[in-house]
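Biologist: Could you walk me through this one while I have it open? I'd like to hop between topics as they come up.

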Amino acid sequence: MKLKPGDPAPLIQVQDALGRTIDLAELVRQGRYIVLWFYPKASSPGCTAQARQYAELRNAFQQLGAEVFGVSRDPASAQCDFIDKLALEGGMIPDPSGLLGRALGVGGFLGLGALLGLYNRDTILINPQGKVEQVWRNVNPFRDAQVVLEYLESKVKALGQLEAASR
């Protein structure tokens, strides 16, 4: 089942590529947004471009109260190589069993991609209330991070204006 905005997000615990526990429920309790960008294959050209963009914008996302994680069906070893190759600061979640992807309704490519167990290039934003805020399907890897950041900036700005008006 593909999730849509307003649906409760599955707030599960997962391990990142470096073996650290990522507790999505705890991040929500801390009032954080969670960006999960799903990609087909570590170190492929499109995924490399997408990872670089998220890495470049990491501080901007954090200033908006967001934690960002890339998710693929690659094993942790492939993701660790990807982290090293691009000098990333982590933030990669291996999902070889597809547990997280299935929970969030992220599908695989058709044809050969489906046979290889590759994820579609989808991005999901979870809000601090634990609900799916927005879903982007089949994203452009060269624009995804900027599109998500712009959406989050406008959302946080609007919320800030609402909070100021209610005081």
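Modeller: Bearing in mind that this is a predicted model, I would start with the aromatic residues, where ring pairs join Trp37, Tyr39, Tyr54, Phe61 and Phe82 into a cluster.

Biologist: How many aromatic pairs does the structure hold?

Modeller: There are six aromatic pairs in the structure. One of them is formed by Phe38 and Tyr119, whose rings meet edge-to-face, with 5.2 Å from centre to centre and 90° between the planes. Phe38 belongs to strand S3 while Tyr119 lies in the loop between helix H6 (112-116) and S6, so this pair ties together parts that are 81 residues apart in sequence.

Biologist: Are Phe38 and Tyr119 buried or exposed?

Modeller: Phe38 and Tyr119 are both buried. Tyr119 also has a charge over its ring, since the charged end of Arg73 sits there, 5.6 Å from the ring centre.

Biologist: Back to S3, then. Why is it described as largely enclosed?

Modeller: Strand S3 covers residues 33-38, and six of its six residues are buried, so the rest of the structure largely encloses it. In a regular strand the side chains alternate between the two faces of the sheet. Here both faces of S3 are covered, with Tyr33, Val35 and Trp37 buried on one side and Ile34, Leu36 and Phe38 buried on the other.

Biologist: Which strand runs parallel to S3?

Modeller: That is strand S4 (residues 66-72), which is joined to S3 by six bridges. If you want a point to look at, Leu36 has Phe69 of S4 as its bridge partner.

Biologist: And what about the antiparallel sense, which strand pairs with S3 that way?

Modeller: Strand S6 (residues 123-126) does, over four bridges, and within that pairing Trp37 stands opposite Thr123.

Biologist: What does S6 pair with besides that?

Modeller: S6 also pairs with S7 in the antiparallel sense, again over four bridges, and Ile124 has Val135 of S7 as its bridge partner. The two strands make a hairpin with five residues between them, and Gly130 in the turn has a positive phi of about 80°. As for S7 itself (residues 132-136), four of its five residues are buried, which leaves the strand mostly covered.

Biologist: Which residues have a positive phi although they are not glycine?

Modeller: Two that I can point to are Ala87, with a positive phi of about 55°, and Asn138, with a positive phi of about 50°. As background, most residues other than glycine have a negative phi.

Biologist: Where are they, and are they buried or exposed?

Modeller: Ala87 is placed in the loop between helix H4 (76-86) and strand S5 (92-94), and its relative accessible area of 64% makes it exposed. Asn138 is in the loop between S7 and helix H7 (144-166), and at 54% relative accessibility it counts as exposed, because the cut-off for that class is over 50%.

Biologist: Switching to pockets: what volume does the largest one have, and what lines it?

Modeller: The largest pocket has a volume of about 450 Å³. Its lining is made of 26 residues, and those nearest its centre are Arg58, Val68, Glu89, Gly90 and Gly91. Strand S2 (21-23), helix H2 (45-56), helix H3 (58-63) and S4 are the elements that give two or more residues to this lining.

Biologist: Which element gives the most?

Modeller: S4 gives the most to the lining of the largest pocket, with five residues.

Biologist: And how does the lining split by class?

Modeller: The lining of the largest pocket has 13 nonpolar residues, six polar ones and seven charged ones.

Biologist: Since H2 came up, is Glu56 buried or exposed?

Modeller: Glu56, which is placed in helix H2, is exposed, with a relative accessible area of 64%. From C-alpha to C-alpha, Glu56 and Asp84 are 15 Å apart in space, with their positions 28 residues apart in sequence.

Biologist: Last one: where is Ala9, and is it buried or exposed?

Modeller: Ala9 is in the segment before strand S1 (13-15). Its relative accessible area is 11%, so Ala9 counts as buried. Ala9 and Asn127 are 118 residues apart in sequence, while their C-alpha atoms are 8.9 Å apart in space.

How values were computed. Residues numbered from 1 in each chain as written. Predicted model: local features only at pLDDT ≥ 70, side-chain atom pairs only at ≥ 80, totals over all residues. Heavy atoms only, no water. Buried < 20%, exposed > 50% of the residue type's maximum accessible area, 1.4 Å probe, protein only. Pairing = 2+ DSSP bridges. Phe/Tyr/Trp six-rings, centres within 6.5 Å; stacked < 30°, edge-to-face > 60°. Lys NZ or Arg CZ within 6 Å of the ring centre and 35° of its normal. 1 Å grid on protein atoms, 1.4 Å probe; cavity = no way out; pocket = protein on both sides within 12 Å on 5 of 7 lines; lining within 4 Å. Points joined across faces, edges and corners; volume = space filled by probe spheres on them. Nonpolar A, V, L, I, M, F, W, Y, C, P; charged D, E, K, R; others polar.
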